[in-house]
Amino acid sequence: MRIAMIGTGYVGLVSGACFADFGHQVTCVDKDAGKIAALLRGEIPIFEPGLDDLVASNVKAKRLDFTTDLTGPVAEADAVFIAVGTPSRRGDGHADLTYVHSAAREIAAALSGFTVVVTKSTVPVGTGDEVERLIRETNPSADVAVASNPEFLREGAAIRDFKFPDRIVVGTSDERARKVMGDIYRPLSLNQAPLMFTARRTAELIKYAANAFLATKITFINEIADLSEKVGANVQEVARGIGLDNRIGSKFLHAGPGFGGSCFPKDTRALVKIALDHDVQLRIVEAVLGVNDNRKRAMARKVANAVGGNLRGKTVAVLGLTFKPDTDDMREAPSIPLVTGLLDMGAKVRAHDPVGMEQARKELPDIEYCEDPYECVRGADALVIVTEWVQFRALDLDRIKSAMAQPVVVDLRNIYRADDMAAHGFVYESIGRGVEPGL
Ligand code: UDX
């Protein structure tokens, strides 16, 4: 199969490289000439484990190419994937579809022979209809079917998620398009991945509903964590106890400082807006957004309380800045409201992140960046673990303690055991792990 991938952002690049790895002929297209030149030199613009090797080997095998001009690749393609950005529109939280619409018009003009145009970007329900309308308006004689094929990749695990997905969702009622999409994803049938065909609008809604449900699960356990602290229960045990029920499932029940990233906050906001446009109020999703925003803001106060209430003149060491491990992505990271809150309360902040410090400097310019965790904690009155990078899971606790001014650790990801920390002489706060009376 010949594939044109429009947009070499996170989704486009990972999907393009993985499709090429299946044996398809893929051309990735981007308007950004600098980005394409870098990719042609073998430089990957994002941090994603394994992506550099995957791109290099498929370029070498001549299955993967990069260009700024979509004309040739679209004319030759069996399928054209639209994987351009859909940021939150300033002011109203709706997804901004400018890039999707302009891609649709440009693709339309270049189409030749039967082609499936596939939206992979997360787009509001009904966007497939609009893309089809724009294509037919621009090129009335085009032989085209428009399908929706949402992606469910997690940053940091994107290649694995692409190759071993729980399911693939394809929204189209066109038989020829179903055949093309079936051929494109056939290599995954070896991995037993169910290919679910449905109607286009349903596929578009599946993506939003999946993200909103996962965000709800996280927010639910976060509220149970708050209650656990008050009643003297352990939220990790509660999560295990409920997660063993197959109807609930054990995943996405890790309590923490609130969800961030490029998808959950943006997509839950967009879903609320889509629903309101159709006179439906999604009260649960609205509550999830409100609770999560408040939670992220409340984390600075939790740190202040751990050092006795007043942060003025205190130094706080922050370990982990990115919204989760194995990425350099700072979008909507819980570290941003946390650090801002600490600074507002008069603290001095030193921080370390294994990969994300360059990105973090743009968001948080007024703090000191340190090259390793031990330098970071030097003279600190509190250490806050914000992102659960594997590098932070086995720190030399004696070395940490002797470097700090006060041995206070606030572990927002529950990566340490309370008894271990007490044995090392730390004052230790975590999330939702209250002390049961009598234990
Ligand atoms: C998410 C979805 O998982 C993916 O299917 C979709 O395509 C894009 O959005 P991603 O944003 O990369 O992927 O990260 P994910 O691992 O889902 O984590 C999102 C946020 O939730 C992070 O801030 C993470 O720390 C937080 N989280 C996740 C929790 O706080 N607890 C959990 O149990 C799981």
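**View 1. The open sheet of 6 strands in the predicted model.** In this predicted structure, the strands follow the order 11-10-9-12-13-14 and pair in parallel. The edges of the sheet are formed by strand 11 (368-369) and strand 14 (427-429), each of which pairs on one side only.

**View 2. The pairing of strand 10 with strand 11.** Strand 10, which spans residues 348-352, runs parallel to strand 11 and is joined to strand 11 by 2 bridges. Within this pairing, Ala351 has Tyr369 of strand 11 as its bridge partner.

**View 3. Helix 12 packed on the sheet.** Helix 12, made up of residues 283-306, touches strand 9 (315-319), strand 12 (382-385), strand 13 (408-411) and strand 14. The direction of helix 12 makes about 155° with that of strand 13, and because angles over 145 degrees count as roughly antiparallel, the two can be described as roughly antiparallel.

**View 4. The crossing of helix 9 and helix 11.** The axes of helix 9 (residues 200-231) and helix 11 (residues 264-277) come within 9 Å and cross at roughly 115°, and the two helices are therefore roughly perpendicular to each other. The crossing in which helix 9 passes helix 11 is left-handed.

**View 5. The residues in contact between helix 9 and helix 11.** Helix 9 contributes Tyr208, Asn211, Ala212 and Ala215 to the contact, while helix 11 contributes Phe264, Asp267, Thr268, Ala270 and Leu271. Sorted by class, the residues of this contact comprise 6 nonpolar, 2 polar and 1 charged.

How values were computed. Residues are numbered from 1 along each chain as its sequence is written. This is a predicted model: local features need pLDDT of at least 70, side-chain atom pairs count only at pLDDT 80 or more; totals for chains, interfaces and linings use all residues. Axes are lines fitted to C-alpha atoms, for helices over the stretch in contact, and angles run from 0 to 180 degrees between N-to-C directions. Helices (H or I, at least four residues) and strands (E, at least two) are DSSP runs, numbered from the N terminus. Angles under 35 degrees count as roughly parallel, over 145 as roughly antiparallel, 65 to 115 as roughly perpendicular and the rest as oblique. A crossing is left-handed if the near helix is turned anticlockwise from the far one by less than a right angle, and right-handed if clockwise. Two residues are in contact if their C-beta atoms, placed from the backbone, lie within 7 Å. Ala, Val, Leu, Ile, Met, Phe, Trp, Tyr, Cys and Pro count as nonpolar, Asp, Glu, Lys and Arg as charged, and the others, Gly among them, as polar. Two strands pair if DSSP finds at least two bridges between them.
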